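Here are my notes on this one, for you to read with the model open beside them. I start with a charged pair and work outwards from there.

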Amino acid sequence: MSGASRKLALFLFACYSAALGDQAGEYCVADRQGAEYYMAAVYEHQSVLSPNPLALTSRQQALELMNQNLDIYEQQVMTAAQKVLQRLSCMAIKGEMFLVANLGTKQPCHSNDPGCPNDGRYQFNTNVVFSNNGTLVDRYRKHNLYFEAAFDTPLEVDRITFDTPFAGRFGVFTCFDILFFDPAVRLLRDPEVKHVVYPAAWMNQLPLLAAIEIQKAFATAFGVNVLAANIHHPSLGMTGSGIHTPLKSFWYHDMESPEGHLIIAQVAKNPLGLVGTKNTTGKTDSPHSKFLKIVSGEPYCEMDAQEVLCEATKWNVDAPPTFHSEMMYDNFTLVPVWGKEGQLQVCSNSLCCHLLYDRPTLTQELYALGAFDGFHTVHGTYYIQVCALVKCGGLGFHTCGQEITEATGVFEFHLWGNFSTSYIFPLFLTSGMTPESPDQLGWENGHYFLRKHGLSSGLVTAALYGRLYEKS
């Protein structure tokens with residue numbers, strides 16, 4: 001593409017390490033004035049872990065473990081450099097990249113500090129940012145910890161951004177932070193932040209919170225680029241990294257291979273997205289016209305053999321029965337999705353979810369439309385509103401919400417709900433853990449909707465995941 005720099009501009013590592021210190025690898029950045037794109041790389045690292053992460057180790061043992069991981073980092077930087085026809089030095093002074101790496105750090109504290117641990121030091125899950133001249137630009141200490149006994153929560157939230165000569169301003173946060181307002185959402189109140197650097201050690205949980213699923217959803221919801229590097233430990237359910245724009249993903253998910261993986265992609269400096277643009281065009285097709293009539297409460301009319309037929313937009317009194325099933329540890333209310341086409345509604349507390357669908361071909365699979373409005377209370381407590389179209393694990397209602405990765409059912413659909421929040425993430429996966437992008441997203445008559453026409457493979461999950469930050 002014209003205006004695109006071939007130089008690798010930013011490289012992201014993710015590494016959970018029990019070695020605690022102030023050391024990190026170097027990193028570098030390219031300055032091409034006027035370039036419309038930059039080159040980014042993320043590395044899903046199979047980290048070398050301590051056999052007993054909670055046990056105290058000597059400084060020498062910690063440095064040996066850290067250096068084993070840095071040796072792998074060095075090799076990947078050189079591999080990335082070769083793929084963009086550059087000879088890059090891992091030394092920051094000679095290089096031309098920015099580096100972001102995740103590691104453990106320690107900070108001494110005094111006995112007069114009431115929060116000071118007994119061993120006289122804080123330990124933080126930290127991202128470090130190095131500039132192209134080897135300078136430590138900044139560091140971010142993870143705020144929303146997820147069962148991380150080795151680390152402390154900072155007394156104040158770090159809200160870290162850094163400026164680059166090749167793509168403007170980047171924000172930084174880590175893993176579980178992505179589900180909370182501070183610092184993830186607050187950073188994006190700065191209109192200059194168009195890119196997010198995101199190391200993680202994320203354990204995949206389907207159908208709603210696989211790593212690449214939430215990474216892509218965040219990029220789409222906020223119209224930013226997300227550079228995400230997850231840990232690669234399939235035995236712990238950890239894989240899934242990507243370079244995600246609001247409209248496209250370059251991703252990796254592999255539960256079989258024991259090896260790490262490098263992703264390199266060309267990324268726009270100013271990402272274009274679905275959200276925040278006018279979704280409804282002057283010329284609408286029949287399915288979208290029907291959807292617009294439904295949400296407005298008006299009758300829907302169409303021409304059939306020279307006769308005008310109108311349908312009331314009230315929901316069918318013969319709709320399938322509702323049932324309950326556990327999904328992501330939450331008690332969802334669901335209805336089965338039967339037949340080639342139809343309109344469905346299901347409600348949970350104040351949230352009502354709706355589905356208008358057409359299936360070109362029926363398959364021997366059970367799908368369901370589910371709703372949940374309430375506190376999620378397992379492995380963290382936070383308030384969510386969710387409308388989800390999911391493939392069930394089998395043909396029984398009790399299998400709806402189970403983890404599956406393969407599907408053959410193809411849908412053309414509108415999914416929408418009367419959400420009480422503007423923070424809504426479009427979760428969208430098809431068969432083989434493939435991220436999908438909606439055709440349209442946005443608000444219509446007080447309802448937030450997702451539309452998709454022409455899936456390339458079977459649908460696993462299509463969901464609108466709302467977060468009510470003010471309640472948790």
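1. Have a look at Lys-391 and Glu-365 to begin with: their side chains form a salt bridge, with N and O 3.1 Å apart. The two come from distant parts of the chain, 26 residues apart, with Lys-391 in strand β20 (residues 382–391) and Glu-365 in the loop between β18 and β19. Both Lys-391 and Glu-365 are buried. Keep in mind throughout that this is a predicted model.

2. Now the overall picture. The protein has 4 helices and 26 strands, and 55% of its 472 residues are buried. Take the contacts between residues at least 6 apart in sequence: 69% of them join residues at least 24 apart. The exposed surface comes to about 20,400 Å², and carbon and sulfur atoms supply 51% of that.

3. Back to the charges. The count of salt bridges is 12. Another one that links distant parts of the chain is Arg-159 with Asp-182, at 2.6 Å from N to O. Arg-159 sits in the loop between β5 and β6, while Asp-182 belongs to helix α2 (residues 181–187), 23 residues apart. Which side of the burial cut-off does Asp-182 fall on? Its relative accessible area is 16%, so with buried meaning under 20% it counts as buried. Arg-159, at 44%, is partly exposed.

4. Two further salt-bridge items. Asp-119 pairs with Arg-121, and their closest N and O atoms are 3.7 Å apart. Asp-119 is partly exposed at 48% relative accessibility, and Arg-121 is partly exposed as well, at 23%. Then there is a network of salt bridges that links Arg-139, Arg-141 and Asp-158.

5. Asp-182 deserves a second visit, since the peptide bond from Asp-182 to Pro-183 is cis, with omega near 5 degrees. Pro-183 is placed in helix α2. A cis bond also joins Leu-206 and Pro-207, where omega is about 10 degrees; Pro-207 is in the loop between β8 and α3. I'd look at both by eye, along with the phi values in the next point. Most residues other than glycine have a negative phi, and most peptide bonds are trans.

6. Phe-147 has phi near 50 degrees, a positive value in a non-glycine residue. Cys-175 also has a positive phi, about 45 degrees. Where do they sit, and are they buried or exposed? Phe-147 lies in the loop between β5 and β6 and is exposed, at 65% relative accessible area. Cys-175 lies in the loop between β7 and α2 and is buried, at 7%.

7. On to an open sheet of 5 strands, in the order β17-β18-β21-β25-β24, with antiparallel pairing. Strands β17 (341–348) and β24 (440–444) are at the edges and have a single partner strand each, so one side of each lacks a neighbour in the sheet. On average, neighbouring strands here are turned by 15 degrees against each other, direction ignored. Helix α4 (residues 286–296) packs on this sheet and touches β17, β18, β21, β24 and β25; its direction makes about 20 degrees with that of β21. Within the sheet, β18 (residues 351–358) and β21 (residues 412–417) pair over 6 bridges, one example being Asp-358 with Glu-412.

8. Strand β9 (residues 225–230) is a different setting: 6 of its 6 residues are buried, so the rest of the structure largely encloses it. Asn-225, Leu-227 and Ala-229 point one way, while Val-226, Ala-228 and Asn-230 point the other. Its pairing with β8 (residues 193–200) is parallel, over 6 bridges, and Pro-199 has Ala-229 as its bridge partner.

9. Last, the nonpolar cores. The largest has 68 residues, and Leu-179, Trp-202, Leu-208, Phe-218 and Tyr-465 touch the most other members. Helix α3 (residues 211–222) gives the most to this core, with 6 residues. Setting aside neighbours within four places in sequence, Leu-179 contacts residues including Trp-202, Ile-214, Tyr-382 and Tyr-465. There is also a second, separate core of 35 residues, which includes Ile-212, Cys-353, Ala-371 and Ala-407.

Note on methods
Residues are numbered from 1 along each chain as its sequence is written. This is a predicted model: local features need pLDDT of at least 70, side-chain atom pairs count only at pLDDT 80 or more; totals for chains, interfaces and linings use all residues. Side-chain values use heavy atoms; hydrogens and water are left out. Two strands pair if DSSP finds at least two bridges between them. Axes are lines fitted to C-alpha atoms, for helices over the stretch in contact, and angles run from 0 to 180 degrees between N-to-C directions. Contact means heavy atoms within 4.5 Å. A salt bridge is a side-chain nitrogen of Lys or Arg within 4 Å of a carboxyl oxygen of Asp or Glu. Buried means under 20% relative accessible area, exposed over 50%, partly exposed in between (1.4 Å probe, protein chains only). A nonpolar core is a set of buried Ala, Val, Leu, Ile, Met, Phe, Trp, Tyr and Cys residues joined through side-chain atoms within 4.5 Å. Accessible areas come from the Shrake-Rupley method with a 1.4 Å probe; for residues, only the protein chains shown count as cover.
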